[in-house]
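Work through the exercises below with the sequence and the model open side by side. Try each task before reading its solution.

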Amino acid sequence: MPTLEQDLVPALVTSVPVKRLTADSCQVLINRLGRGSPEVTIVPLGISLRLSKKGFIEAVALADSDQVFQITVTKDISFAMLASVLKHPRYLFVAFGMARVALLIHHQFGVDVRSVDLSTMHDKSPREQQCAAHLARKLWGTVRAQGIHNLWWHHSNKDLCLRTWLSACIAEESASIMDKVLKVDTRNASPLQLACLAQLVLNVELLEAEQPTQVDNDFEHVRQNGKDKIILHNARFKTKIRDSSQTIVHFNGGQATARAVGLKGRQTQLQLLKGRLPAKVTKVRVFGREEATNAELARDEFVLGILRGTEAMDMSSFVRMLWFPPRKTKRGKKVKAIGAVDAQTQITTPSYKELNASQQAVVKAMVSADENLIIVHGPPGTGKTTTIAAALEHWERRREPAWVIAHSNVGVKNIAESLVKRKIDFKIVVSKDFYYEWHEHHYVDISDHLVKSDKLFGQAAGVAEFMGRSKVILCTVSMLSHPGMDNVGVFRHVPMERLVVDEASQIDTFEFMHLFNKFMPTLGKVCMFGDPKQLPPFGKETAPKMKTIFDFQQFHTSAYFLDTQYRMPVPLGDFISKHVYGSKLKSEHKITANDCVKLIDVRKGKEESAGSSWKNMEEIHTIVNLVKKYYRHPDFCIITPYDGQRAAIVAALKAQKLPHENVYNVDSYQVGAQEAGCIHKRQLTPSAPVLFLVLDRLAPLCCCECDRNSQEKNCFYVV
C-alpha cells in the first residue's frame, strides 16, 4: 500500500498509508465499521473534497489517524456505494469549513451528513475560527505551520490526503469535546434551502481556489530595525503587506524570510525568521493567503448556524424575496414582490425639485411605505448619487435613520461628498487600514463627518460622542459586518431601518444574506443602485452562476431605470444608449460634435497573461505614441480595465520619460479627476476579437466624466 511522508507534525507518525478507491468500490469502508469495537457507536472520520474548475466533486478523501482513503469520482460511474458510506449513521465526519463540505456533498450525492466543524469546536462564537495549524500547535507543540496552511490552499493528491488525515488526528485528540459541540446536519434545512446554499458556497469555493498564493509586493524601501526586526514601506495600497499568521514574506527569492506582525499606515513591521536581510532588496514576494475578512467570517457563520439549527434561513422577508420568491400563479402574469408607489407621498426638499422625472420616481419609491425593495438601474452619469442624496435629505429632515453602503471606499466617499454639498448631517465610518497615510487627502472636505473605526471601536461607552445626532451613516459592505460595530452598540444608536446599496451590480448578493438575517427585526426598506451593463462582480468569469440583484428574474420588470445621462458628450451618450441600453438612455450635454471621439483599431494586439491580470503590448505602444505626440504637456488620464495593463503602461511611459501619474484601472479611477482629455483603452475579455464594438465591455468609456457645461471638446481615444 502506498504511503505519504509527512513532517508537518513531528509528534505524529511520519508515514501515512493511502488506499485509492473509486466511487463504486467503497465496500472496504463499510467493512471497517463491522470490524470496529462494539462499544464504539460513532466513528469520527476526516473528510475533504477536491472540485473541478466547474464545481464537480472529482475526489473525496476520508481518513482516520491510521489511514487515508482517496476516492475518485467520475460522471460515468455510480455514486451509490460512496453515498452509502457518506450517509452511514456511525460515521461522524469532521473537517475545517465543514458546513461547505456538507452542502457540496448533499448537492452532488443527495445525501444528508452529520458532522462537526473543527474550526469552531473550541470557541463559544462561530466567528472565532481557528485554523488547523493553530489547533495542531495547541495539541502537539512544534509544527510546520506554513506547510499545514498550504494543505488547504493546494489540491494535489498529497494535499488532499494529508489535510484529511490531519483533520482526523485533531478530532481524535479532541474526542472529549466532540460529543458536546453542536453538530453540522443538513437535515436542519429544507431541500430548497440546501440547493440554494450549495450553489452560493460553491461560488465561494471556486473563487477561493483561484486566489493566488504568491503575490509580489510593491515597495519603496526596506530597512533593518534591530537584530531581527524589519520595516517595509509599501508603495501601493492594493499590494501592501498586512500582518498575518498565514503568510511568509520572502526577500530576493528567499535570501531572507519574515512574518508580518504589524501594519501602520504604509509601514509593515516584520519579524525575521530565516537568513539575513540583503543589503539591496530588489524583490519582495508574499507566500500564502491572509485570514478571512470580517464579511467572509460573518457569511460563513450564518451558513454554519443554519446547518447547526441555530439560525433560520428564511425568516427575513428580503431573503424570501430574493431566493425563495412566490411561484407565478398564471403564465405570463407578473407576481409582485414589492407593491406600487404611493401616489400621496409628499417630498418637499429642495434637491427633490431639481431632479428629472425618472429620478423623482425613484426617490418617491424610496421614501414610500408601499415598497420594501427598490432596485434602480442607473447607467453612467444618470445621477445615482444625486438621487440617493435626495432621498437621504428627506429622511434626515424627518430624523429617520438610514444606512448607505457601497462595495468600495471610493463609492462611499463619492456619496459623502454629495451629502456635504447639500448640507445633510451624516457620519462616514472608515477603517484605519484604508485611511491612515494612504487616502487621508480624499477626506479633507468631509473631515467633520469622518469617524475612524479604530477610535470608534476603542470607545465602547462613547458611541454617541462619535455619531452625535446623525441619523445617516455611510460605510462599506465589509465595515457593516465588523464585530466592532455590534460591540460598541452602533446599531442601537442608529438602528438599521433603511439600507441603501450603491454599486450593487458589483456585489454578489450572497454578501447580503447574513445582513438581511441580522437586521431582520428592524430592517424595512432596501434600495439597491447599480448598472449591470458595466463592471460585473469580481470573479464572475470563475463562478458564472454568481448573482447580483440585477440577475434575479423576478425583479426585471419592476426595476426602475434612470433615463437621462449628463456625463458623456452627446455622441458618446447616443452611441452607448443605442448599443448598450436599447436606446432608452437620453443625453443632455453641451458637447454635441462627433469629433470628440476617435476610435483606434490595434489589429495586431493580443492579450497575454500578466500574473493574475492581463496586458496587451501593441495597445500599450499605441498609447505611448499618443502621449508622446499629442499629450506630452496637456493634462490627460489613461483608464484601462486590467491592473496588469495599468502597470505595463506606467512602466512604458516611464521608460520614455513621459508623464505617467494619471494611469488608472477602472476601480481606482476617480470620476472627474481630469477634465481636459482622456485616453481610454477598450475593455475586452482575452478571448474576444480585437474590435471596438464589444458593446457590453465599455466601462472605461462610461466612467469618465466631462463637465456637462463645458464648451471644450474633450477628446476620447478608444484603443
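The exercises go from the whole chain to helices and then to single residues.

**Ground rules**

This is a predicted model, in which local features need pLDDT of at least 70, side-chain atom pairs count only at pLDDT 80 or more, and totals for chains, interfaces and linings use all residues. Residues are numbered from 1 along each chain as its sequence is written, and side-chain values use heavy atoms, with hydrogens and water left out.

**Exercise 1. The whole chain**

Task: State how many helices and strands the chain has, and what percentage of its residues count as buried.

Solution:
- Step one is the element count. The chain has 25 helices and 32 strands. Both are DSSP runs numbered from the N terminus: helices are H or I with at least four residues, strands are E with at least two.
- Step two is burial. Of the 719 residues, 53% count as buried. Buried means under 20% relative accessible area, exposed means over 50%, and partly exposed lies in between, for a 1.4 Å probe and protein chains only.
- Step three is contact range. Take the contacts in the chain with a separation of 6 or more: residues 24 or more positions apart account for 71% of them. Contact means heavy atoms within 4.5 Å.

**Exercise 2. Helix lengths**

Task: Compare the expected span of helices α23 and α6 with the distance between their end C-alpha atoms.

Solution:
- The expected span is 1.5 Å times one less than the number of residues.
- Helix α23 covers residues 617-630, so its 14 residues should span 20 Å. Its end C-alpha atoms are 20 Å apart, which agrees.
- Helix α6 covers residues 157-173, so its 17 residues should span 24 Å. Its end C-alpha atoms are 24 Å apart, which agrees too.
- Now add burial. In α6, 13 of the 17 residues are buried, so this helix is largely enclosed by the rest of the structure.
- In α23, the buried residues are E619, I620, T622, I623, V624, L626 and V627.
- An α-helix has 3.6 residues a turn, so residues three or four places apart point the same way.
- Finish at the start of α23. There a side-chain oxygen of N616 comes within 3.2 Å of the backbone nitrogen of E618.

**Exercise 3. Two helices that cross**

Task: Describe how α8 and α9 cross, and list the residues that make the contact.

Solution:
- Helix α8 spans residues 191-210 and helix α9 spans residues 294-308. Their axes come within 12 Å and cross at roughly 145 degrees. Axes are lines fitted to C-alpha atoms, for helices over the stretch in contact, with angles from 0 to 180 degrees between N-to-C directions.
- From α8, the contact uses L194, L197, V201, V204 and E208. From α9, R299, V303, I306 and L307 take part.

**Exercise 4. A buried serine**

Task: Is S244 buried or exposed, and which side chain does it join in a polar contact?

Solution:
- S244 sits in the loop between β11 (229-234) and β12 (247-251).
- Its relative accessible area is 5%, so S244 is buried.
- A 2.8 Å polar contact links the side chains of S244 and E291. Such a contact is a pair of N or O atoms within 3.5 Å; within protein, one must be able to donate a hydrogen and the other to accept it, and residues adjacent in sequence count only if both atoms are side-chain atoms.
- Leaving aside neighbours within four places in sequence, S244 is in contact with R259, A260, R289, E290 and E291.

**Exercise 5. Two lysines in strands**

Task: Place K264 and K274, and classify the exposure of each.

Solution:
- K264 belongs to strand β13, residues 256-264. At 47% relative accessible area, K264 is partly exposed.
- K264 and D433 are 169 residues apart along the chain, yet their C-alpha atoms are separated by 7.6 Å.
- K274 belongs to strand β14, residues 267-275. At 60%, K274 counts as exposed.
- Leaving aside neighbours within four places in sequence, K274 is in contact with Q255, A256 and T257.

**Exercise 6. Positive phi**

Task: Where do R399 and E503 lie?

Solution:
- R399 is in the loop between α13 (384-397) and β17 (402-406). Its phi is positive, near 60 degrees, and R399 is not a glycine. At 30% relative accessibility, R399 is partly exposed.
- E503 is in the loop between β21 (498-501) and α21 (510-518). Its phi is positive, about 60 degrees, although E503 is not a glycine. At 16%, E503 is buried.
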